[in-house]
Amino acid sequence: MRKTMADMGNLWEDLRRQARQLENEIDLKLVSFSKLGTSYSTQRDYERRSERQNATNGRYSSSFTDLSSDTAPLLNKASSEHMFDTMAMEISQLLAKLTEVNDRMVEYTQNISTSSPSAALMHTLQRHRDILQDYSHEFQKTKANITAMREREDLLGSVRRDINAYKNSSSLNRRSDMYLKEHDHIRNSERLVDEQISIAIATKENLQSQGKFLNTINQKVNAFANRFPMINSLVQKINLRKRRDSIILGLVIAVCVILMILFTFH
């Protein structure tokens, strides 16, 4: 009987030791987990500041880089998310172990041979159960806050990516419109040049046909003059008289111009 009571006492102390060890480990993990949430928020704020600084003031990028090296968080996004998942799984496992130890402590209080467990025993059991409940509540609260923060940042990130994609597509559309307008201008210019070339070719052909027509008339006149010598001589006399009249008219005009110049200077 004494051996059984001693074994039961050792079992209770062993359960209490396990519970305290797990509680200490969970407490340290929760502190680190809370700090991880703070660093995760700091990382998001740092990324947003970096995006705004790079978007609004590219001229000071070098000075901003020097400044950001002092304020940049130690963990990047991928490392923070991986550590968050790892620590959440570890704390869940520790809470499960502590829950199992508490259940065994409850079974111990129910299986002791005395009529009812002592008040100190029940107080110790209740304290461990309260600690487990507080740790579970704190873990769920911190996990929910970080998860909500991650989901909100993922949503904002997707919105920012959509906005950037829209801006890029808009700039590409504007460039495409400019290229299309320039192409239309070039085609219009080519059409105008083609029209001018067509007009020039038509004018050339018309002049050539008129030249051929005049040559034909000239040939007919010469043939007609050769056929009638008297008419030919008459035409030559008329031409000589025209030349004489032109020479006389030219001399008169020259004399008049000279007299006007002399009159002007004197």
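Helices here are DSSP runs of H or I at least four residues long, numbered from the N terminus. The structure is a predicted model, and within it helix α1 covers residues 2–56 and includes D27. Two further residues of helix α1 are worth a visit alongside D27: E23 and Q21.

D27 makes a good starting point, as it joins D130, D134 and E138 in a negative surface patch. Helix α4, spanning residues 119–227, supplies the largest share of this patch, with three residues. The relative accessibility of D27 is 35%, so this residue is classed as partly exposed.

What, then, of the surroundings of E23, another acidic residue of helix α1? E23 is buried and yet has no salt bridge. The nearest side chain of opposite charge belongs to R127, at 5.1 Å, whereas a salt bridge calls for a side-chain nitrogen of Lys or Arg within 4 Å of a carboxyl oxygen of Asp or Glu. Leaving aside residues up to four places away in sequence, E23 is in contact with L98, H128, I131 and Y135.

L98 comes up again in connection with Q21, which also lies in helix α1. A stretch of 77 residues in sequence separates Q21 from L98, while their C-alpha atoms are 9.3 Å apart in space. Is Q21 buried, exposed or partly exposed? Its relative accessibility comes to 47%, and because the partly exposed class runs between 20% and 50%, Q21 counts as partly exposed.

Key: Residues numbered from 1 in each chain as written. Predicted model: local features only at pLDDT ≥ 70, side-chain atom pairs only at ≥ 80, totals over all residues. Heavy atoms only, no water. Patch = residues over 30% accessible without salt bridge, like charges linked within 9 Å, V, L, I, M, F, W, Y side chains within 5 Å. Areas by Shrake-Rupley, 256 points an atom, 1.4 Å probe, with all protein chains shown as cover. Lys, Arg positive; Asp, Glu negative; His and termini not counted. Charge placed at Lys NZ, Arg CZ, Asp CG, Glu CD. Helix = DSSP H or I, 4+ residues; strand = E, 2+ residues; numbered from the N terminus. Buried < 20%, exposed > 50% of the residue type's maximum accessible area, 1.4 Å probe, protein only. Contact = heavy atoms within 4.5 Å.
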